[in-house]
Amino acid sequence: QVQLVESGGGLVQPGGSLRLSCAASGRVFSRYFMGWYRQAPGKEREMVATITSSGSTNYADSVKGRFTISRDNAKNTVYLQMNGLKPEDTAVYYCHVPPQSFNGYYYSAVWGQGTQVTVSS
């Protein structure tokens with residue numbers, strides 16, 4: 001089963017930038033549909049951005065134009081570039097592989113451990 005390790009979170013001032021990384025294990029990384037989710041205190045976990053194996057992307061309305069998801073299959077890594085950060089972006093950010101099937105195999109859902117992003121002056 002794939003394992004996910006996030007990094008890159010931290011404290012940043014409003015208007016600042018951060019880049020989150022999600023390093024994945026496994027030999028079929030390039031085939032995975034993947035996503036970034038976040039959960040703020042007292043709120044439900046929500047989708048931030050997703051990326052298909054071919055590189056097509058989708059974003060939550062709240063981050064469109066500010067965040068960019070990308071992947072480097074040679075490094076088994078997915079990134080989330082976050083620009084123009086706002087206090088309401090404060091949350092724990094999780095890398096996620098949803099349940100999916102390809103090559104005749106079923107791959108169950110996997111979550112990373114999460115990385116804290118705090119936007120505050």
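Here is a short tour of one sheet in this structure, strand by strand.

Before you click, know that this is a predicted model, where local features need pLDDT of at least 70, side-chain atom pairs count only at pLDDT 80 or more, and totals for chains, interfaces and linings use all residues. Residues are numbered from 1 along each chain as its sequence is written, and side-chain values use heavy atoms, leaving out hydrogens and water.

Start with the open sheet: its four strands (DSSP runs of E, at least two residues, numbered from the N terminus) run in the order β1-β3-β8-β7, and the pairing (at least two DSSP bridges between two strands) is antiparallel. Now pick out β1 (4-7) and β7 (67-72): each has a single partner strand, so one side of each lacks a neighbour in the sheet. On average, neighbouring strands here are turned by 15° against each other, direction ignored; the axes behind that angle are lines fitted to C-alpha atoms.

Next, select residues 18-24, which is β3. Five of its seven residues are buried (under 20% relative accessible area, 1.4 Å probe, protein chains only), making β3 mostly covered. Add β8, residues 77-82, and you'll find six antiparallel bridges to β3; look for Arg 19, whose bridge partner in β8 is Gln 81.

Last stop: β1 and β3 share four bridges, again antiparallel. Zoom in on Leu 4, which stands opposite Ala 24 in β3.

Conventions. Axes fitted to C-alpha atoms, helices over the stretch in contact; angles between N-to-C directions. Buried < 20%, exposed > 50% of the residue type's maximum accessible area, 1.4 Å probe, protein only.
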